[in-house]
Amino acid sequence: MPMEPPPDLASLSLTDIARLLAEKRLPPVDKWNPEHCGDSEMRIARDGTWFHQGSPIGREAMVRLFSTILRREPDGSYVLVTPVEKLSIEVEDAPFVAVELKSEGVGKDRALAFRLNTGDLVAAGPDNALTVREGENGPHPYLYVRGGMEALVARSVYYELVNLALDEGGERVGLWSNGAFFPLDGAA
Amino acid sequence: MTLAERLRAALIEGHREETILLPSATRDPRIDGEMVLAPAAVLVAITDRADPGLILTQRSSSLRTHAGQVAFPGGRVDESDPDEIAGALREAREEIGLPSDQVQIIGTSDRYHTFTGFDIVPVLGVVPPDLPLVPQQSEVDDWFELPLAFALDPANRIKRVMEFQGAERHYYEILWKERRIWGVTAAILANLSRRLGYDRIAA
């Protein structure tokens, strides 16, 4: 079937999704099970930039909108999903990038909140782990966002985290957030 | 020459020349404009023995902050402290019961600015050996003495690098018996090592 450009894929109107966002509710993507019907011809680059047919999507609101209907499939692939359509999307590394950090409190009472490139806010804690994994070219820090999807922690944010951890001292290089400890030294 | 005289001479000599110091942590980018640093002081307590020792504390693992950290006795300089030396002495008294009148002050060394805005002054002092020090359970689990020469020997300093996409942060780690000294404490020891002539780098 011929691929329509992504703005047409949704049976949910822009207004509908915008309303859900405003209510801080995300579309129930986990409940939708339409037939897979193709490739969105979209790609999320490592730095979080969204591309469509090779061109960056400049409109921030559009990216934010698409990010709300992004889902990770059991096989690890990513799709954009609506009640009636499911299109695959290529993700280079992680679908989100954590671009800003807010740290409150110290030691075990610390709380870390991240802002994602899509505008979402994620508080690190027992359900949203911060992990450092060895990649091809060194360790990469990730933040769990939702539904099996993670945010790559931006370089500047990682630098802040490491500096906070070095100041903090303690048994291991790492930080507490909302009652959970997250090692940053990469060791298991 | 007594130990105190030797250390004083070494400290003065060490501070006379330009030496490459470990840079303090870069300022927190979230702090705009002029950062107001919180004054803090630590006591570098050196025991008066043939092989001088260095007294360090191990913070309680149950603490809300800096749990399990190996550190110099010390902390924030209070408004009631006349100066940093008084602050370091008070903290050492409160943390491990070190009587202030037993400390022969040698001098202060390079300030270390932490990322989160503490301006730490190391205060060097010589103390008699085998003082009956008692850790205050609320803050400090334990104290221990390791040979000063071991703590300052650059060969015992392991350089660790945390790197991600070019954002590099180095820190030092000194492992002595089961103790792990790293972060701010190891950085201050590295600077002292340079100032006291254990680690001369051609500038």
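Helix α2 of chain B, residues 84-96, has 13 residues that at 1.5 Å a residue should span 18 Å, and its end C-alpha atoms are indeed 18 Å apart, so the expected and computed spans agree. The model is predicted, and in it α2(B) is largely enclosed by the rest of the structure, because 10 of its 13 residues are buried.

**Surroundings of α2(B)**

- The buried positions of α2(B) include the charged residues Glu84(B), Arg90(B), Glu91(B) and Glu95(B), and they also take in Ile85(B), Gly87(B), Ala88(B), Leu89(B), Ala92(B) and Ile96(B).
- Among the elements of chain B that cover these buried residues are the strands β1 (38-47), β2 (53-59) and β4 (74-76), together with β5 (104-108), β7 (118-127) and β8 (140-147).
- Directly after α2(B) comes Gly97(B), which has a positive phi near 65°.

**Chain A as a whole**

- Chain A contains 3 helices and 14 strands, and 38% of its 188 residues are buried.
- Of the contacts in chain A with a separation of 6 or more, 53% are between residues 24 or more positions apart.

**The two domains of chain A**

- Chain A is assigned a domain 1 covering residues 6-91 and a domain 2 covering residues 96-183, and 10 residues of domain 1 are in contact with 9 residues of domain 2.
- On the side of domain 1 of chain A that touches domain 2, α2 (60-68) and β4 (70-72) of chain A each contribute at least two residues.
- By class, that side of domain 1 of chain A consists of 6 charged, 2 polar and 2 nonpolar residues.

Terms used
Residues are numbered from 1 along each chain as its sequence is written. Chains are lettered from A and ligands numbered from 1 in the order in which they are written. This is a predicted model: local features need pLDDT of at least 70, side-chain atom pairs count only at pLDDT 80 or more; totals for chains, interfaces and linings use all residues. Domain bounds come from an automatic or database domain assignment. Two residues are in contact if their C-beta atoms, placed from the backbone, lie within 7 Å. Helices (H or I, at least four residues) and strands (E, at least two) are DSSP runs, numbered from the N terminus. A residue is buried if 20 or more other C-beta atoms lie within 10 Å of its own, exposed if 12 or fewer, and partly exposed in between; C-beta atoms are placed from the backbone. The expected span of a helix is 1.5 Å times one less than its number of residues.
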